[in-house]
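Dear colleague,

I am handing over the structure we spoke about, and below it you will find my notes on what turned up when I went through it. Please read them with the model open beside you.

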Amino acid sequence: MAAGQLRTVRLWQDKIETEVAIVGNGPPLVFLHGPWGLRNDHAFLDLLADGHTVYAPKHPGTGDGDPEAVHQLDDWWDLILYHGELLDRLALGAPALVGHSFGGMLACEIAAAMPQRVSRLVLIDPVGLWRDDMPVRNWMILSQDQLRAALFADAKGEASRNFFDVPAETAARVDAQVGFIWSQACTGKFVWPIPDKGLKKHIHLISTPTLIIWGAADGVIAPAYAEEFARRIANSRVELIEAAGHMPHLEQADRVARLVRDFLRA
């Protein structure tokens with residue numbers, strides 16, 4: 001990650017310690033990470049930081065200092081209000097909001113509940129809707145080989161190798177593996193057993209201009225869902241990313257970052 005800072009703030013009546021990675025300089029952009037934590041997203045954040053100050057909070061429980069923090073939040077309403085408090089603490093009035101996967105679902109909920117707090121919205125392969133004819137795969141129960149194939153168009157490519165790589169040193173390797181699992185548990189609390197928690201009832205309240213980015217080979221949530229989101233969000237458009245699965249911001253990072261920057265400058 002380029003030179004930046006890691007800021008720690010205490011929220012939720014001082015019960016949750018939250019780590020926020022901050023990089024770049026310019027108009028504010030908040031990035032909400034997916035189920036696997038923030039550890040693999042830093043190179044993409046550096047690309048977004050070309051022209052923006054990027055704030056990337058770690059989901060409660062996934063930071064280094066407070067792994068039990070997630071237990072302070074009971075449901076989606078808690079999670080939404082917590083993020084509103086986080087925006088206040090960071091003195092961010094109406095930043096651009098970029099969310100990937102679980103973070104995309106969270107970004108939708110924030111934009112629907114607090115439209116005045118979001119200037120522009122970018123969704124990268126978000127979960128949150130459900131079709132019985134195209135069920136979203138439960139990434140938490142897939143084997144590593146199945147997960148590789150679901151997340152990446154090229155399961156043996158560089159992006160996949162980097163994502164699943166763990167340190168050689170034993171203690172560091174164990175820490176990485178535990179963090180990978182615990183991040184899924186902390187986010188999974190809010191989407192288990194299926195990521196259909198009522199977004200369809202209030203997604204129409206999203207009024208901010210929205211860019212929907214989708215990997216054409218997404219094996220977690222079918223690319224047809226991109227049009228489902230676009231149909232329900234006014235003033236939205238879709239960009240399909242070839243040679244990318246559920247992680248287009250890693251597999252085709254330059255193209256996705258360019259699309260985001262151009263959209264936010266428009």
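Two strands are said to pair if DSSP finds at least two bridges between them. In this model, which is a predicted one, strand E7 (residues 210-215) and strand E8 (residues 236-241) pair in the parallel sense, and six bridges link them. Within that pairing, isoleucine 213 of E7 has glutamate 239 of E8 standing opposite. On another pairing of E7, strand E6 (residues 121-124) runs parallel to E7 and is joined to E7 by four bridges, with valine 122 opposite leucine 211. The connection from E7 to E8 involves helix H8 (residues 225-232), and the three elements together make a right-handed β-α-β unit.

Is strand E7 mostly covered or mostly open? E7 is mostly covered, since six of its six residues are buried. Thr210, Ile212 and Trp214 point one way from the strand, while Leu211, Ile213 and Gly215 point the other way, and the residues of both sets are buried.

Two of these strand residues, Ile212 and Trp214, are also among the contacts of phenylalanine 229, which touches Cys108, Leu123 and Leu199 as well, leaving aside residues up to four places away in sequence. Phe229 is, with Leu151 and Phe163, one of the residues that touch the most other members of the largest nonpolar core, which has 65 residues. Helix H3 (residues 102-113) gives the most to this core, namely eight residues. There is also a second, separate core of 25 residues, which includes Phe31, Leu38, Phe44 and Val54.

Leu151 also appears in helix H4 (residues 144-151), where the buried residues are Leu147, Ala150 and Leu151. These three lie on the same side of H4, because they cover an arc of only 85° around the axis. As a general point, an α-helix has 3.6 residues a turn, so residues three or four places apart point the same way. The cover over the buried residues of H4 includes helix H5 (158-164), helix H6 (170-188) and helix H9 (248-251).

As for the cysteines, a search of the whole structure finds zero disulfides. Cysteine 108 counts as buried because its relative accessibility is 0%, against a cut-off of under 20%. Cysteine 186 counts as buried too, because its relative accessibility is 1%.

With best regards

Technical notes
Residues numbered from 1 in each chain as written. Predicted model: local features only at pLDDT ≥ 70, side-chain atom pairs only at ≥ 80, totals over all residues. Heavy atoms only, no water. Buried < 20%, exposed > 50% of the residue type's maximum accessible area, 1.4 Å probe, protein only. Helix = DSSP H or I, 4+ residues; strand = E, 2+ residues; numbered from the N terminus. Arc of directions from axis to C-beta. Contact = heavy atoms within 4.5 Å. Right-handed = clockwise from strand over helix to strand, strands pointing away. Core = buried A, V, L, I, M, F, W, Y, C linked by side-chain atoms within 4.5 Å. Disulfide = S-S within 2.5 Å.
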